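Subject: Handover of a structure and notes on it

Dear colleague,

Please find below the structure that I am handing over to you. My notes on it follow directly after.

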Amino acid sequence: MDIRSQISMVFHLDKCIGCHTCSIACKNLWTDRKGAEYMWWNNVETKPGTGYPTKWEDQEIYKGGWEINGKSVSLKGAGKLRGLKNIFHNPYLPVLDDYYEPWTYKYEDLFTAPEGDDQPTARAVSLVTGEPIDVKAGPNWDDDLGGSIDYARQDVNLKGLSAAEQEVMFQLERMTFFYLPRICNHCLNPACVASCPSGAIYKRGEDGIVLINQQVCRGWRMCVTACPYKKTYYNWHTGKSEKCILCYPRLESGQPPACMHQCVGRIRYLGVLLYDADRIEEVAATPNDLDLVDRQLEIYLDPFDPQVIEAARKNGIADSTIESAQKSPVYKFVKEWKIALPLHPEFRTIPNLFYVPALMPGMASVQDGIYEESNTQFLWGGIDNNRVPIKYLANLFSAGNTEKIVDVLKRLMAVRWHRRQTTVGDVAQEIVDKAMGEINLNGDTADAIFRLTSLATFDERFVIPPAHREESIEMLENTADVKGNTGFGFKERPKRGW
Amino acid sequence: MDYLLFVVFPYTCLTVFLIGSIYRYKYRPFSVSSLSSEFLEGKKLFLASQLFHWGLFILFFGHLIAFLFPASILLWNGHPVRLLILEISAFVFGLSAFFGLMLLIYRRLTVRRVQIVTNKMDFVVFIVLLVQIISGLLVAYTNRWGSSWFAAFLTPYLRSIFVFDPQIDAIVSVISLSLKIHVVSAFALIGIIPFTRFMHFLVYPLNYTWRSYQQVIWNWNRKQIRTSKAFRQGPKSKNN
């Protein structure tokens with residue numbers, strides 16, 4: 001057993017209001033530089049939708065992630081042989097137009113335009129070429145199902161859904177959507193690390209954050225292909241690849257990442273998970289896709305188990321980190337309560353970002369002009385009639401395993417039954433008992449889920465282990481000093497090489 | 001004049017190359033990149049880049065073999081048919097590099113997005129490469145025995161350069177103009193490596209072939225820090 005600690009995250013989708021505050025927080029802090037304008041280390045997508053970059057989930061196009069190869073896994077679109085063969089031209093590289101051409105407006109024209117009969121306008125100009133452009137795409141172009149004929153219906157996760165099911169999904173009266181905020185998953189089996197010919201990308205041992213060393217990166221761009229979540233980005237100006245750094249300078253000084261700190265809906269949780277690094281390959285190579293979620297959960301260890309604590313100590317994990325792991329909200333959501341699932345586990349990177357699937361508004365329906373939050377006549381009626389097909393959610397969060405989704409939704413619903421009973425008391429006790437009994441949930445756990453979901457304080461949502469880097473440069477840096485620079489601990493203008 | 005071109009100039013270039021590349025690799029690593037523009041324009045790049053790079057790649061190794069094992073080239077060329085095969089294939093790869101380069105230049109000059117990421121040194125690179133490839137093609141076309149000549153005359157000269165005992169009499173007596181240009185511009189090319197994007201060929205990721213796929217880096221010795229007494233105690237700061 002090789003126990004390591006990993007900073008991981010839970011996003012509670014029921015609480016996400018799609019305000020993009022997280023994206024803006026990240027953009028302002030890290031990617032408002034030349035060549036990085038198009039990057040959104042944190043972005044929020046509307047589902048169903050094609051996302052950013054367009055159709056990123058379709059690995060037939062982008063060849064990201066791992067695929068089973070005998071008893072192990074191999075990279076789908078990169079790797080030693082393929083990477084070096086394609087080094088002069090990578091056929092699977094997404095290009096700028098797959099994301100969007102970043103733009104700004106010529107605001108100055110509003111003030112300097114000569115007097116005339118027409119209103120002066122601020123034309124859109126490309127941030128790449130500086131020339132006027134017609135804006136035809138953006139990072140959240142299909143927000144709230146905008147243009148859904150062209151976008152939502154092209155969603156890759158609709159595969160496996162019958163034509164009739166899809167038709168129902170897009171009926172005007174039944175149409176629904178939810179938001180999917182995405183950042184780097186800081187995977188246990190990162191495809192970007194494996195694909196990097198220069199060896200510039202690495203996983204930080206202490207907390208599992210995946211970073212790109214800008215001094216070593218040579219711009220071979222294989223990581224952009226290999227990451228199935230398309231969360232490494234090529235900076236066309238500096239000729240280096242960049243990615244989410246999980247705001248490690250903030251983490252090291254005890255603050256949560258900017259996107260999480262700013263989250264208006266308080267949907268985000270961050271905490272430590274202890275895992276067994278010896279089992280990574282075995283879990284990544286799980287033969288059956290449907291088992292992937294269960295296998296992945298097995299790799300995370302119980303931080304209360306004396307044997308685990310013993311082994312963790314032996315491996316050099318600090319007591320304070322173990323303590324953090326015990327308080328970790330992520331552990332509760334993922335392992336104890338089993339209501340958070342990884343995004344696209346079938347990419348086999350073992351991602352460390354978990355999502356609590358949204359109950360509402362998919363469960364609500366309008367009958368005879370009355371909006372009903374859930375169908376109270378049947379215990380799990382709302383789940384059966386979910387306006388977001390279970391299969392669709394399964395394609396997103398459990399590699400197609402619909403049982404997992406149904407189980408999570410039942411748990412979330414049982415908590416609601418229980419709380420309704422506690423606070424209002426207008427639900428028959430039998431229904432509550434039946435709901436709780438069927439999924440083996442007791443009242444205390446339901447209350448705990450309720451509390452962490454809706455009442456949790458800042459320190460409960462973000463349990464950040466002390467950094468143990470008392471001499472770390474990053475902690476002593478003033479963020480304003482290095483704004484517009486390449487990053488912390490490395491002060492150099494992000495100027496293009498020659 | 002010949003002494004200047006074949007002794008002073010090569011040593012200058014090699015010195016600049018050595019010191020410059022090491023300095024840039026060690027102290028300005030952020031500037032070392034392939035500076036790929038595939039992200040901005042990928043379709044036109046495909047043919048151009050593949051033709052150019054693979055052509056140069058093969059030619060580079062051809063020259064390297066002739067430099068390291070001249071006897072093997074002479075032996076191979078002992079038979080006229082084999083000489084012809086070698087010369088023709090070298091010429092084909094030369095043409096491939098040439099057409100690839102022309103396409104690359106055309107792309108860089110015409111695609112708006114690529115123009116944005118073009119700087120002065122890119123044109124220096126283009127000119128040196130053009131001179132180098134065209135003179136090489138001329139040598140191959142006009143002197144059908146180029147490969148043997150390389151092994152017989154150029155290799156001793158190059159070796160004499162590297163052992164700091166330059167012997168130029170032999171090559172100066174037989175060299176043609178195109179060859180002269182080819183040799184001199186080759187040194188020029190080496191000399192400008194530290195100042196141009198040529199740097200990226202020095203950092204070709206060979207070690208990828210033998211390193212393990214996953215990389216984990218610890219910033220400190222885990223086991224030592226666990227027992228450290230330097231941990232800061234006390235309450236955690238509040239942020240919200």
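The notes below go from confidence to the overall form of chain B, the contact between the chains, the cores, and some local backbone features.

Please bear in mind that this is a predicted model. The average pLDDT of chain A is 89, and 91% of its residues score at least 70. Within chain A, confidence is highest in strand β14 (residues 341-342), at 97, and lowest in helix α22 (residues 473-476), where the mean is 49.

Chain B

Chain B contains 11 helices and one strand. Read from the N terminus, its elements follow the order α-α-α-α-α-α-α-α-α-α-β-α. Its radius of gyration is 24 Å, whereas a compact globule of 240 residues would have one near 18 Å. Along the principal axes, the C-alpha atoms of chain B fill a box of roughly 85 × 45 × 35 Å. Of its 240 residues, 28% count as buried. Among the contacts in chain B with a separation of 6 or more, 81% are made by residues 24 or more positions apart.

One pair within chain B may be of use when you inspect the model. B:Leu138 belongs to helix α6 (residues 120-142) of chain B. Its C-alpha atom is separated by 8.3 Å from that of B:Leu179, and the two residues are 41 residues apart along the chain. B:Leu138 counts as partly exposed because 18 other C-beta atoms lie within 10 Å, a number between the limits of 12 or fewer for exposed and 20 or more for buried.

The contact between the chains

Chain A contributes 46 residues to the contact and chain B contributes 51 residues. On the chain A side, the elements that give two or more residues are α3 (80-85), α7 (191-195) and β8 (201-204). By class, that side of chain A has 19 polar, 17 nonpolar and 10 charged residues.

Strand pairing also crosses between the chains: β8(A) pairs with strand β1 (residues 216-217) of chain B in the parallel sense, over two bridges. In this pairing, A:Arg204 stands opposite B:Ile217.

Nonpolar cores

The largest nonpolar core has 132 residues, and those that touch the most other members are A:Val10, A:Val330, A:Phe333 and A:Phe354. Helix α18 (residues 402-423) of chain A supplies the largest share of this core, with eight residues. Leaving aside residues up to four places away in sequence, A:Phe333 touches A:Val10, A:Tyr269, A:Ile339, A:Ala340, A:Phe354 and A:Val356. A second, separate core has 27 residues, among them B:Ala66, B:Ala90, B:Leu104 and B:Ile171. In soluble globular proteins, nonpolar side chains tend to be buried together.

A hairpin in chain A

Strand β10 (residues 232-235) of chain A is joined to strand β11 (residues 240-243) of chain A by four bridges, and the two run antiparallel. A:Asn235 has A:Lys240 in β11(A) as its bridge partner. The two strands form a hairpin with four residues between them, and A:Gly239 in the turn has a positive phi of about 75°.

In a regular strand the side chains alternate between the two faces of the sheet. In β10(A) both faces are covered: A:Thr232 and A:Tyr234 on one side are buried, as are A:Tyr233 and A:Asn235 on the other.

Backbone features in the loops of chain A

Two cis peptide bonds deserve a look. One joins A:Lys47 and A:Pro48, with omega about 0°; the other runs from A:Tyr52 to A:Pro53, with omega near -5°. A:Pro48 is placed in the loop between β2 (43-47) and α2 (59-62) of chain A, and A:Pro53 is likewise in the loop between β2 and α2.

Positive phi values outside glycine are found at A:Asp144, at about 50°, and at A:Leu145, at about 65°. A:Asp144 lies in the loop between β6 (124-126) and α6 (163-169) of chain A, and A:Leu145 is also found in the loop between β6 and α6. How exposed are A:Asp144 and A:Leu145? A:Asp144 is exposed, because only 11 other C-beta atoms lie within 10 Å, while A:Leu145 is partly exposed, with 17 such atoms within 10 Å.

With kind regards

Note on methods: Residues numbered from 1 in each chain as written. Chains lettered and ligands numbered in written order. Predicted model: local features only at pLDDT ≥ 70, side-chain atom pairs only at ≥ 80, totals over all residues. Contact = placed C-beta atoms within 7 Å. Nonpolar A, V, L, I, M, F, W, Y, C, P; charged D, E, K, R; others polar. Pairing = 2+ DSSP bridges. Core = buried A, V, L, I, M, F, W, Y, C linked by C-beta atoms within 7 Å. pLDDT = per-residue confidence, 0-100. Rg over C-alpha atoms; globule rule 2.2 N^0.38 Å.
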